[in-house]
Amino acid sequence: MLLLAGCDLVGALSTGASPVDLGTPVLPPCATSVDSPAPRGCVTGALSCGAVVDGTTLGGDSAWDDAFYSKAFCFPAGDRHSGSERVYVLDLPELTEATITLTSDCVDLDLAAVAWAYDGRSCPTLGHAIAECEGDAKRGGGQVKLQAFKPRTYLVAVDGKAGTVGPYSLSVSCQTLRSPEERNLPPGKR
């Protein structure tokens, strides 16, 4: 990165152009143009069972970082999440298992889902206790499974390490879970 920045600076100086602003995140060359709405607070939009959302982390909120994810046990400390993230609200009805799949072939983005009673205004911060967080930092995408035995709200985040921004696709598939009564029936009576 430093070498490329140096080349841009040398190139700009040799042509008389102004140097590149290194503080502004820029989509990588592999990225296609994807519009994402401006976040309202920390939330960009809503997800539901069956939804597919294409977006970009560029222009997202920067409320959640390495310290937040580490304290909530989403990812291990030192993953260096420091850039903008996109967060979506996912309301699951009772007895539902949701599988959320992130695809990000262009850049290395991570997926996290935090259980949170979202009131339409406030999102969790480092100072909040987070009871449940599922995360996947696999390169090229990832997947988390969420189970709601009673109605539950999750905030689903797409974030990059070290300020990385880029396009992604999120998909949500759901299936019905068996009730506690059904699970406790003897075999053959289910």
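**Confidence.** I began with the confidence of this predicted model: the chain averages a pLDDT of 79, and 75% of the residues score at least 70. I then looked up the extremes among the elements. Confidence is lowest in helix H1, residues 2-15, where the mean is 34. Strand E4, residues 96-103, has the highest value, at 96.

I next examined the N-terminal stretch. Over residues 1-22 the pLDDT stays under 50, and for this stretch the model has six contacts beyond four places in sequence. Where pLDDT is low, predicted coordinates should not be read in detail. I therefore leave the coordinates of such stretches without detailed reading.

**Elements and overall figures.** I counted three helices and nine strands in the chain. Read from the N terminus, the order is α-β-β-α-β-β-β-β-β-β-β-α. I noted that the chain has 190 residues, of which 41% are buried. Among contacts with a separation of 6 or more, 79% join residues 24 or more positions apart. For the accessible surface of the chain I recorded about 10,300 Å²; carbon and sulfur atoms hold 56% of that surface.

**Thr57.** I located Thr57 in the loop between strand E2 (52-56) and helix H2 (66-71). Is Thr57 buried or exposed? Its relative accessible area is 0%, and because buried means under 20%, Thr57 counts as buried. I then asked which residues are in contact with Thr57 once its neighbours within four places in sequence are left aside. They are Ser84, Arg86, Leu109, Val158, Thr164, Val165, Gly166 and Tyr168. Of these contacts, I noted that Arg86 lies in strand E3 (86-92), Val158 in strand E8 (152-160) and Tyr168 in strand E9 (167-176).

**Phe73.** I turned to backbone angles. Phe73 is a residue other than glycine, yet its phi is positive, near 60°. I placed Phe73 in the loop between H2 and strand E3 (86-92). How accessible is Phe73? Its relative accessibility is 70%, and since exposed means over 50%, Phe73 counts as exposed.

**Ala162.** I found a positive phi at Ala162 as well, about 55°, although Ala162 is not a glycine. Where is Ala162 found? I traced Ala162 to the loop between strand E8 (152-160) and strand E9 (167-176). Its relative accessibility is 42%, which lies between the 20% and 50% limits, so I entered Ala162 as partly exposed.

Technical notes: Residues numbered from 1 in each chain as written. Predicted model: local features only at pLDDT ≥ 70, side-chain atom pairs only at ≥ 80, totals over all residues. Heavy atoms only, no water. Helix = DSSP H or I, 4+ residues; strand = E, 2+ residues; numbered from the N terminus. Buried < 20%, exposed > 50% of the residue type's maximum accessible area, 1.4 Å probe, protein only. Contact = heavy atoms within 4.5 Å. pLDDT = per-residue confidence, 0-100. Areas by Shrake-Rupley, 256 points an atom, 1.4 Å probe, with all protein chains shown as cover.
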